[in-house]
Amino acid sequence: MEDVIILGTGCAGLTAAIYTGRAQLNPLVLEGAQPGGQLTTTSEVENFPGFPEGIDGYTMMDNLRKQAARFGARYEHAKIDKIEVVEGVKKLYAGEKVLEAKTVIVATGARPRLLGIPGEQEMFGGKGVTTCATCDGAFYRDMEVVVVGGGDSAAEEALFLTRFCSKVTLIHRRDELRASQIMADRATSHEKIEMAWNSAPTEILADEKGFTRAIRVKDTQTGEEREIPCKGAFIAIGHIPNTDFVEGLLERDGDGYIVPEAGSQVKTKFEGFYAAGDCVDHVYRQAITAAGMGCQAAIEAERWLAENA
């Protein structure tokens, strides 16, 4: 029986591991398919407090991992298929293996929804294809970029990028945005944003050095193809939270994000059961906010164990 099991090794999970480790709770941290989470695919993190020169995403997550290990966090690789809560005990099933814990912190994150077109994976994370304008926009100062999507997040990304980029082309497969009226009006009226209506991306093209140079789109009405020159391609078609294994156990919204109890960012309907980071938060989705939620979940778990163990 473990005191604490933490699912996930992104910012939320590892921050929770640091805090529960320092509280002498000897946490067991379960790594999934992407150790370190989404930040490991980011070349440079410039907006995490405390790194005035920025830090490589992989290095940052490796540092967090080592910091948690220093305080007693233990790591295992396991993919949890389902969780049951039986008389307060949390049972975690990973294939044939069953783990039991007094408290659980789910910090399994989310994965960006991608287009699935040629060139996308090859240039993702450092070569021009990204899913976060807040993270990477400043790298494209005075350059032409594209944003793919039609919802509020795509409009927000495009507007944010106008601060840095010389031109932003917003690519959408229909002839009007799905975004809220105010966001759609702001995006379509901005002098730096050009709309590419009825356009479906078919390929991201590389220059001779392997960096993004253009995106090829197909007109959804005429079938005609054309290239839109760009140094950066921001994919803004949503995220998929990694929460399938809690279906039927925890409340999730229509997009699969875990819904916390009223009055808390991290509590669930079960005592001693918490959720933190991008599997809960679909608004901010930043490393610092995920870390903050991991801290909250860890403190909640520590207090609950002190009162109930």
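**Exercise 1. Classify Phe-51 as buried or exposed or partly exposed, and then describe the aromatic pair to which Phe-51 belongs.**

Solution. In this predicted model, Phe-51 has a relative accessibility of 29% and therefore counts as partly exposed, since that class lies between the buried limit of under 20% and the exposed limit of over 50%. Four aromatic pairs are found when the whole structure is searched. One of these joins Phe-48 and Phe-51, with 6.3 Å between the ring centres and 50° between the planes, and the pair is classed as tilted. The partner, Phe-48, has a relative accessible area of 16% and is therefore buried.

**Exercise 2. Find which charged side chains lie over the rings of Tyr-75 and Tyr-93.**

Solution. Over the face of Tyr-75 lies Arg-65, at 4.0 Å from the ring centre. For Tyr-93 the charge is supplied by Lys-82, whose charged end sits over the ring, 4.9 Å from the centre.

**Exercise 3. Work out where Thr-268 is placed, and what its side chain lies against.**

Solution. Begin with the chain: Thr-268 belongs to the loop that runs between strand E16 (239–241) and strand E17 (273–275). Its relative accessible area is 9%, so Thr-268 is buried, the limit being under 20%. Next consider the polar atoms: a polar atom of the Thr-268 side chain lies 2.8 Å from the backbone oxygen of Phe-273. Finally, with residues up to four places away in sequence left out, Thr-268 touches Leu-250, Glu-261, Phe-273, Tyr-274 and Ala-275.

**Exercise 4. State what is noteworthy about phi in Asn-26 and Arg-285, and place both residues in the chain.**

Solution. The background is that most residues other than glycine have a negative phi. Asn-26, which is not a glycine, has a positive phi near 50°, and Arg-285, likewise not a glycine, has a positive phi of about 55°. Asn-26 is found in the loop between helix H1 (11–22) and strand E2 (28–31), while Arg-285 is in the loop between E17 and helix H6 (287–308). Asn-26 is partly exposed at 40% relative accessibility, and Arg-285 is partly exposed at 26%.

**Exercise 5. Compare the span of H6 with its expected value, and trace how H6 enters the largest nonpolar core.**

Solution. H6 has 22 residues, and the distance from its first C-alpha to its last is 31 Å, close to the 32 Å expected at 1.5 Å a residue. The buried residues of H6 include Ala-287, Met-293, Cys-295, Trp-304 and Leu-305, and their cover includes strand E1 (2–7), helix H2 (57–70) and strand E5 (89–94). The largest nonpolar core has 55 residues, of which Leu-7, Cys-11, Leu-30, Ile-83, Leu-92 and Val-106 touch the most other members. Two or more residues come from each of E1, H1, E2, H2, E5, E6, E17 and H6, and H6 gives the most, with nine residues. Apart from this core lies another, of 23 residues, among them Ala-133, Leu-159, Ile-193 and Phe-234.

**Exercise 6. Describe the surroundings of Ala-187.**

Solution. Ala-187 is in helix H5 (residues 181–189), and at 0% relative accessibility it counts as buried. Leaving out residues up to four places away in sequence, Ala-187 touches Ala-155, Leu-159, Leu-170, Leu-177 and Ile-193. As a further distance, Ala-187 and Glu-176 are eleven residues apart in sequence and 11 Å apart in space, C-alpha to C-alpha.

How values were computed. Residues are numbered from 1 along each chain as its sequence is written. This is a predicted model: local features need pLDDT of at least 70, side-chain atom pairs count only at pLDDT 80 or more; totals for chains, interfaces and linings use all residues. Side-chain values use heavy atoms; hydrogens and water are left out. Helices (H or I, at least four residues) and strands (E, at least two) are DSSP runs, numbered from the N terminus. Buried means under 20% relative accessible area, exposed over 50%, partly exposed in between (1.4 Å probe, protein chains only). A polar contact is a pair of N or O atoms within 3.5 Å; within protein, one must be able to donate a hydrogen and the other to accept it, and residues adjacent in sequence count only if both atoms are side-chain atoms. Contact means heavy atoms within 4.5 Å. Rings of Phe, Tyr and Trp (its six-membered ring) pair if their centres lie within 6.5 Å; planes under 30 degrees apart count as stacked, over 60 as edge-to-face and the rest as tilted. A charge sits over a ring if NZ of Lys or CZ of Arg is within 6 Å of the ring centre and within 35 degrees of the ring normal. The expected span of a helix is 1.5 Å times one less than its number of residues. A nonpolar core is a set of buried Ala, Val, Leu, Ile, Met, Phe, Trp, Tyr and Cys residues joined through side-chain atoms within 4.5 Å.
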